[in-house]
Amino acid sequence: MGHRRAAEGHRVLVVAPYGRDAESAVALLRREGYDAQALPTLDAAAGAVDEHVGVLLLTEEALRGGLHRLHEAMGAQPDWSDPPFILLTGAHRGNRATVDAIRARMGELTGNAIVLERPLGAASLLSAVTSAMRARQKQFQMRDQIAALAHARDELAASEGRLRLATDAAGIGFWDVDPVAGTLFWPPLVKAMFGICADRPVSMQDYYEGVHADDRTHTFDAYRAACDPAVRAIYDVEYRTVGKEDGVLRWVAAKGRGIFDADGRCVRVIGTAIDVTRRKAVEWELRSLNETLEQRVEERTAQLMQAEASLRQSHKMEAVGQLTGGIAHDFNNMLTGVIGAMDIMKRRLATGRTDDLPRFMDAAAASAQRAAGLTARLLAFSRRQSLDPRPIDVDALIASLEELLRRTINENIALRIVPGVDLPMAVADANQLESAILNLSINARDAMPDGGELTIESRAVELDAGYAATHPEVEPGRYVVIAITDTGVGMPAEVIEKVFDPFFTTKPIGQGTGLGLSMVYGFARQSGGQVRVHSQPGVGTTVSLYLRAGERVETGDDAGEAAVTPDGEGQTVLLVEDDPSVRLLVRDVLEELSYHAIEAEEAEGAIAALASDRAIDLMISDVGLPGMNGRQLADVARAHRPDLPILFVTGYAENAAVRAGFLGTNMAMITKPFAIEDLSAKIGEMLRRQGAIAAAPAEGAAPRTTG
């Protein structure tokens, strides 16, 4: 029955000019709940074709009129739209020529037609209409999915553009080689490293000729190894260049890797390049100083300190290069998944092939979700994710994860959980803590390929001022420690020093992102805690997560709250969002849920609405608005309307990283990218809560009325 009540494609147009055929067909369809409309001619049908039309029901007599206008109406349909036709013919048994003529006439209009011979029963006609209407609804679903995928592609492209701007500002240049086409892309920053002006086109020959003659052998060998499907090495070299136009000698540090298709052919080589000429000069100077250090300590102390500072800065830039190179690689893979799937879908739509499109839609959606997951991990590493720290019963949380952990680890690994004694509450974001424990458990599982024992233990410790003095990143106080111990292969000291570096991994290529421990470390530091790693090769590893202890807080039972968010009742929501795409999405969600939306793209427009006498039941605001930010706008809103519920939407905002210090009374937050269901549920929850408050006035207060 859904297709009969759909917002689009629900109408049946009937063109049967002779007798009572049209009247009978319309009456039958309306009895079955269809929106049916009789039209006298095909020209009238052409004028009525719009997004509400699901099926056109014609008799063969209708085809005797002109088809020109209806043919134009069908030709004006978008690529995804192909309204189905049902043609009712007379009985022409033995007259093949007549039947062929009718079909040819119909073929001038459309290739999407069902031909039924009269007389026929009502059940047969209704079955054909139902089938055609369902096919029409699938066309609208396909349109919506294609639009969503196009939006995801634009968002990913914008993210890549912002990433390139950031790396250019940091002095890091991207390079991109297409070995199949033999083309090379260098931005102006990389061209400058080879002494080439920004507007001059480049080729692989510029690369081969620009490398210093003494450095070509190891540099080109490393590049060939990165392109070789049998080796797939990481391209990580330092070499000198001789400027093509200025003759200047420079040092370049380059990192990159090859991308291979399903047949093992290298289709792209991408990476980063940094001008490290200054660092090399500093290193040479340091070597010279070390040779005569005893004699020149006093006179060179100041210069040495300056040189060491420069060297540390260069190392930081290399670390940023490794980080951005990894991000660029992962985002390019995700963009390839989205763009490739959409290109294939366009080709298939152009040829009328729609049977296999959901597979490519799912592939593109999966790539977009991977991009969202990578962004969340990067925010965790940078300590800028939006946290909701609350007192947590750690032992209860670990116990709730036990079944999931047992399914996650291998059968040859024994799981042992050791709860703490008189354990205080830990102050942290429960969802992020669960994610950290799962990440650490998966790492422990991978370290025990031949089996072993995984132990998760909790305990309370007191870190005094003496310990904090030798560990400046830790404040004295009481902490809850969650220790995850495995009996796996262990790690040497040089590996332990790098375990928290972004994109560093000891797993084979393709089996780890190198962001798991970085995310855990960022979460712990943002929560006011710390992470400690102890490991011995051949014995195993223990990762200890320190979280600040807190007092137990009694919470109400929320189990009775409804799980399903009801539609609105025409309440007015003020939507403040500077991004047009996000604003459009949230507005459509509000309208779907029967709310009335007032839109503002910046704080000034929102303040005008807040200062007016218009009824506003909820404000939804982005945190990172231009000019006045979302939190400042909330303070202004409360000055005008003290009881107004406010929902913040944020992708990243430094001041909103810890929700408890950011949100006020009757405020909530949801993080981008969000699922539509999560947004609608949060809106419904806040309006229900506000309704409950309004329904229960304070003791002794007069009942409130609203106009």
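**Exercise 1. A residue with a record**

Is Asp622 buried or exposed, judging by its relative accessible area? Find Asp622 in the predicted model and describe its surroundings.

*Solution.*
- Step 1: Locate the residue. Asp622 sits in strand 20, which covers residues 618–622.
- Step 2: Apply the cut-off. Buried means under 20% relative accessible area. Asp622 has 6%, so Asp622 is buried.
- Step 3: List the contacts, skipping residues up to four places away in sequence. Asp622 touches Val576, Glu577, Asp578, Gly630, Val649, Thr650 and Lys672.
- Step 4: Check the record. An unreviewed UniProt entry lists Asp622 under "modified residue: 4-aspartylphosphate".

**Exercise 2. Reading a five-stranded sheet**

Work out which strands stand at the edges of the open sheet that contains strand 7 and strand 8, and then find the helices that lie against its strands.

*Solution.*
- Step 1: Write down the order. Five strands form this open sheet in the order 7-6-10-9-8, and their pairing is antiparallel.
- Step 2: Look at the two ends of that order. Strand 7 (183–185) and strand 8 (235–242) each have a single partner strand, so each has one side without a neighbour in the sheet.
- Step 3: Follow the twist. From one strand to the next, the twist averages 25°.
- Step 4: Zoom in on one pairing. Strand 6 (residues 172–178) is joined to strand 7 by three bridges, and Val177 has Leu184 in strand 7 as its bridge partner.
- Step 5: Add helix 8 (residues 216–227). This helix packs on the sheet and touches strand 6, strand 8, strand 9 (249–260) and strand 10 (266–275). Its direction makes about 140° with that of strand 8.
- Step 6: Add helix 9 (residues 277–291). Helix 9 lies across strand 8, strand 9 and strand 10, and runs at about 120° to strand 9.

Here is a background point to keep in mind: strands of a sheet pair through backbone hydrogen bonds, either parallel or antiparallel.

**Exercise 3. Parallel neighbours**

Now try strand 3 (residues 53–59): how many of its residues are buried? Name the strands that pair with strand 3 as well.

*Solution.*
- Step 1: Count the covered residues. Seven of the seven residues in strand 3 are buried.
- Step 2: Take strand 1 (residues 11–15). Strand 1 pairs with strand 3 in the parallel sense over five bridges, and Val12 stands opposite Val55 in strand 3.
- Step 3: Take strand 4 (residues 85–89). Four bridges join strand 3 to strand 4, and these two also run parallel. Here the bridge partner of Leu58 is Leu87 in strand 4.

**Exercise 4. Rings that meet**

Classify the aromatic pair formed by Tyr208 and Phe220, and then compare your approach with a second pair.

*Solution.*
- Step 1: Survey the whole structure. The search finds 10 aromatic pairs.
- Step 2: Use the geometry. The ring centres of Tyr208 and Phe220 are 5.2 Å apart and their planes stand at 90°, so this pair is edge-to-face.
- Step 3: Place both residues. Tyr208 belongs to helix 7 (residues 204–210) and Phe220 to helix 8, 12 residues apart.
- Step 4: Check their exposure. Tyr208 counts as partly exposed at 33% relative accessibility, while Phe220 counts as buried at 12%.
- Step 5: Repeat for Tyr479 and Tyr546. Their pair is edge-to-face too, with 6.5 Å centre to centre and 70° between the planes. The pair links strand 15 (residues 477–486) to strand 17 (residues 540–550), across 67 residues. Both Tyr479 and Tyr546 are buried.
- Step 6: Look for a cluster. Ring pairs link Trp175, Tyr207, Tyr208, Phe220, Tyr223 and Tyr235.

**Exercise 5. Backbone surprises**

Which peptide bond, ending at Pro119, is cis, and what is the phi of Asp422 and of Asn666?

*Solution.*
- Step 1: Recall the background. Most residues other than glycine have a negative phi, and most peptide bonds are trans.
- Step 2: Inspect the proline. The bond from Arg118 to Pro119 is cis, with omega near 0°. Pro119 lies in the loop between strand 5 (113–117) and helix 5 (122–169).
- Step 3: Turn to Asp422. Its phi is positive, near 50°. Asp422 lies in the loop between strand 12 (413–418) and strand 13 (425–428), and counts as exposed at 70% relative accessibility.
- Step 4: Finish with Asn666. Its phi is positive, near 60°. Asn666 lies in the loop between helix 20 (659–662) and strand 22 (667–671), and counts as buried at 16% relative accessibility.

Definitions and conventions
Residues are numbered from 1 along each chain as its sequence is written. This is a predicted model: local features need pLDDT of at least 70, side-chain atom pairs count only at pLDDT 80 or more; totals for chains, interfaces and linings use all residues. Side-chain values use heavy atoms; hydrogens and water are left out. Two strands pair if DSSP finds at least two bridges between them. Axes are lines fitted to C-alpha atoms, for helices over the stretch in contact, and angles run from 0 to 180 degrees between N-to-C directions. Contact means heavy atoms within 4.5 Å. UniProt positions are given in the numbering used here, feature names are shortened, and annotations may be inferred rather than shown by experiment. Buried means under 20% relative accessible area, exposed over 50%, partly exposed in between (1.4 Å probe, protein chains only). Rings of Phe, Tyr and Trp (its six-membered ring) pair if their centres lie within 6.5 Å; planes under 30 degrees apart count as stacked, over 60 as edge-to-face and the rest as tilted.
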